[in-house]
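Trainee: I should like to learn how to read side-chain contacts in a protein structure. May we work through one together?

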Amino acid sequence: MSIRKLASTIAVIGLLGLGAQTCSAFSLGGPALGFQSGNFGYGRLGLSLVRVGALTYNAQNLGEEYRINVPTIYYTYDNSFLDYFGAKGVQEIDKAVAYFNEIPPYSSMSANLGEIPEDATRENFKAGALQLTDLKSYAMYAIMAQLGLVSPEVHVWDVQSRVIPNGAACPVYNFYVIKRNFDPVTWEPTSYVNGTLYTLSWLISCTPDFSYVDPVPVDPLAYTYRSVAGANAVDGFYLTGLTRDDIGGLRYIYRPDNYNREQLPPDVFAGLGGSGGSPWLPVVSTNTGIGAGDTTALRSGIDQLKFVRHDYDSLMGTFFQGLTNNFTVQVVTNSGVVNQSFSRAVLQPDMIFSAGFEPIDVGGGFTVLTSTDPQTQSINAGGTVNGPGSLVIGNSRGSIDIRFQKVGPFFRASSPSFLSEASLAPVWRWGSFDGTTNEPVLYPSGASIKELERSVLGR
C-alpha cells in the first residue's frame, strides 16, 4: 500500500523490538529538530503520498506538542477544487470533516478508549482494480496533520545520530535510535500501533547518503499501517472514521487537564464583539486588540474542536463574508481555573480545499496531496525550545491550503510493448467509494460538475 524508492547499495538488517503490552500509539507533530534530516529518513516519500510539512514538521517528544487554541475552524473550497471535483467532491470532503465534528469532548471518553475501534480501514475491490484513491480519506489525513499528529507507524523507531567507527567506512555505522510513538493511555513509548506490533529494518545507502529505519510488523499476517495520521490507504482502501490511536493522540493534545503556557492568535480580541453574545456576528471594528502579553497565559486544552463550513459568495465566488466568533477559554490563575471571553475576527477561511498539478517523478512515485506547512508558535525560551506551543490559525498566517493532485487519469506505458492503447495500465486516479454496491465515482466527473453549476444559484 505504499510507494517506495530505494537507491542502490541498500543493507537490510532485521532487529526485533521489545514491544509494550499496550496496543495503540500516537506521534506528536511539531517543528523539526536539527537531526531530523533527509539523511535519516525524515520527510521521505515512503509510507505516505501526502506532503505536509516535509522536513519542517516532524515527530516530537512528550511535552512538545503543538495545538490549535481556538475552538472553531472555518473551511471552504476554491474554484480550482469545485471545477475539478464538482458537487460530489464537496460532499465527500464534508463527510471527512464530519468525522472530526462527531468526536465527543475528550473529557467524556473512557480511560482506556475501549469504545474506539482499532481499525477504520475498509476495502472496495472494484475501486482497487481501477487503482482509485479515496478523496475523503486523504482529506482526513491532511486535517489530522493540521491538528498536531504525524504518522505513528513511521516513528515507532527514529534515528537520532550516527558515527563511523575508527577505521570503518559507509555502510558501517554506530547508531543511536529513539522512539517517538506513545501509548494513548499510559503515554509510555511503545512499539504497537492499533494492535499491531512493529519491529524495524535498516535501510542504508552510501550514494545517495541515507540511513534510516523502516517499521516492519512482527506478525507478517497482521493488519498494518491503519492509522489515519499515517496516510497509507490507496488502491481501493478507504476510511470509515478515526482509530483508537488517532483519538488517543488528539485527546492527549486537547484534553482540558493538559495545561500549556501559550499565546492566543493575533486576530483574537478581549471580550465579546458585535452587538451581543452570539457567536455568529458580522465583523465590527469597535474591538480593541489586546497586547501580546495579555494573551499569554497557562491554558487548558480546548476539549472539543469544531469545523464550520463558510463558503465564498455564491459558492463559486471570490468574496468571503467576514464574521466574528465569540468563545471562552479556561485559564489557570491563583491555583484555580477561570473562564476568559474572547472574540475572533474571521476575515478569511482558516482552511481551503483546492486542486492543482503536482510534479510527478515517474521513476519513484508522486504526491497526490500537499498541504500548507503547519505554522508553529512557542513562547518557551524565545521559541528556541520545542513545545509545548500553538498551531497558529487565523488571519495572521493566511489560509491553510489543502491541495489535491489534478493530473487526471494516469496510465503507464511500458517498453517495449507501448505502441498501442492495449498496453496502457492504469496507475492512479481520484475516486469516491464505500462498502455498498454503488459504483465508484471517478474524478473529474462531468455529471458532478454539472450538478455543482446548477447549485450556484441555490437550485
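Mentor: We shall take the disulfide, the aromatic pairs, the charges over rings and the salt bridges in turn. Please bear in mind that this is a predicted model.

Trainee: How many disulfides does a search of the whole structure find?

Mentor: The search finds one. Cysteine 170 and cysteine 206 form this bond, with their sulfur atoms 2.0 Å apart. The pair links distant parts of the chain, 36 residues apart: cysteine 170 is in the loop between strand 10 and strand 11, and cysteine 206 in the loop between strand 13 and strand 14.

Trainee: Is the disulfide of cysteine 170 and cysteine 206 left-handed or right-handed?

Mentor: The handedness is read from the torsion about the S-S bond, which is about -100° here, so the disulfide is left-handed. As for its surroundings, cysteine 170 is partly exposed, with a relative accessible area of 26%. Cysteine 206 likewise counts as partly exposed, at 26%.

Trainee: Let us turn to the rings. How many aromatic pairs does the structure hold?

Mentor: There are 27 aromatic pairs. One of them joins phenylalanine 85 and tyrosine 443, whose centres are 5.2 Å apart. To classify a pair, one reads the angle between the ring planes, and over 60 degrees counts as edge-to-face. With 70° between its planes, the pair of phenylalanine 85 and tyrosine 443 is edge-to-face.

Trainee: Which parts of the chain does the pair of phenylalanine 85 and tyrosine 443 tie together?

Mentor: Phenylalanine 85 lies in helix 1, whereas tyrosine 443 lies in the loop between strand 31 and helix 5, so the pair ties together parts that are 358 residues apart in sequence. Phenylalanine 85 is buried, at 0% relative accessibility. Tyrosine 443 is also buried, with a relative accessible area of 0%.

A further example is phenylalanine 404 with tryptophan 430: their centres are 5.4 Å apart and their planes meet at 75°, so this pair is edge-to-face. Phenylalanine 404 belongs to strand 28 and tryptophan 430 to strand 30, parts that are 26 residues apart in sequence. Both phenylalanine 404 and tryptophan 430 are buried.

Trainee: Which residues form one aromatic cluster?

Mentor: Among them are Phe85, Tyr443, Phe404 and Trp430, together with Tyr138, Phe353 and Trp428. The two pairs just described therefore belong to one aromatic cluster.

Trainee: Which ring does the charged end of lysine 179 sit over?

Mentor: The charged end of lysine 179 sits over the ring of tryptophan 157, 3.7 Å from its centre. In another such contact, arginine 255 lies over the face of tyrosine 252, at 4.8 Å from the ring centre.

Trainee: What is the general idea behind a salt bridge, and how many salt bridges are counted here?

Mentor: Side chains of opposite charge can pair when their charged atoms come close. In this structure the count comes to 13 salt bridges. Glutamate 439 forms one with lysine 126, the closest N and O atoms being 2.5 Å apart. This pair links distant parts of the chain, 313 residues apart: glutamate 439 is in the loop between strand 30 and strand 31, and lysine 126 is in helix 2.

Trainee: Is glutamate 439 buried or exposed?

Mentor: Glutamate 439 counts as exposed, at 53% relative accessibility. Its partner, lysine 126, is partly exposed, at 41%. Elsewhere, arginine 309 forms a salt bridge with aspartate 311, with 2.9 Å between the closest N and O atoms. Finally, Lys88, Glu92 and Lys95 are linked in a network of salt bridges.

Note on methods:
Residues are numbered from 1 along each chain as its sequence is written. This is a predicted model: local features need pLDDT of at least 70, side-chain atom pairs count only at pLDDT 80 or more; totals for chains, interfaces and linings use all residues. Side-chain values use heavy atoms; hydrogens and water are left out. A disulfide is a pair of cysteine sulfur atoms within 2.5 Å. Helices (H or I, at least four residues) and strands (E, at least two) are DSSP runs, numbered from the N terminus. Buried means under 20% relative accessible area, exposed over 50%, partly exposed in between (1.4 Å probe, protein chains only). Rings of Phe, Tyr and Trp (its six-membered ring) pair if their centres lie within 6.5 Å; planes under 30 degrees apart count as stacked, over 60 as edge-to-face and the rest as tilted. A charge sits over a ring if NZ of Lys or CZ of Arg is within 6 Å of the ring centre and within 35 degrees of the ring normal. A salt bridge is a side-chain nitrogen of Lys or Arg within 4 Å of a carboxyl oxygen of Asp or Glu.
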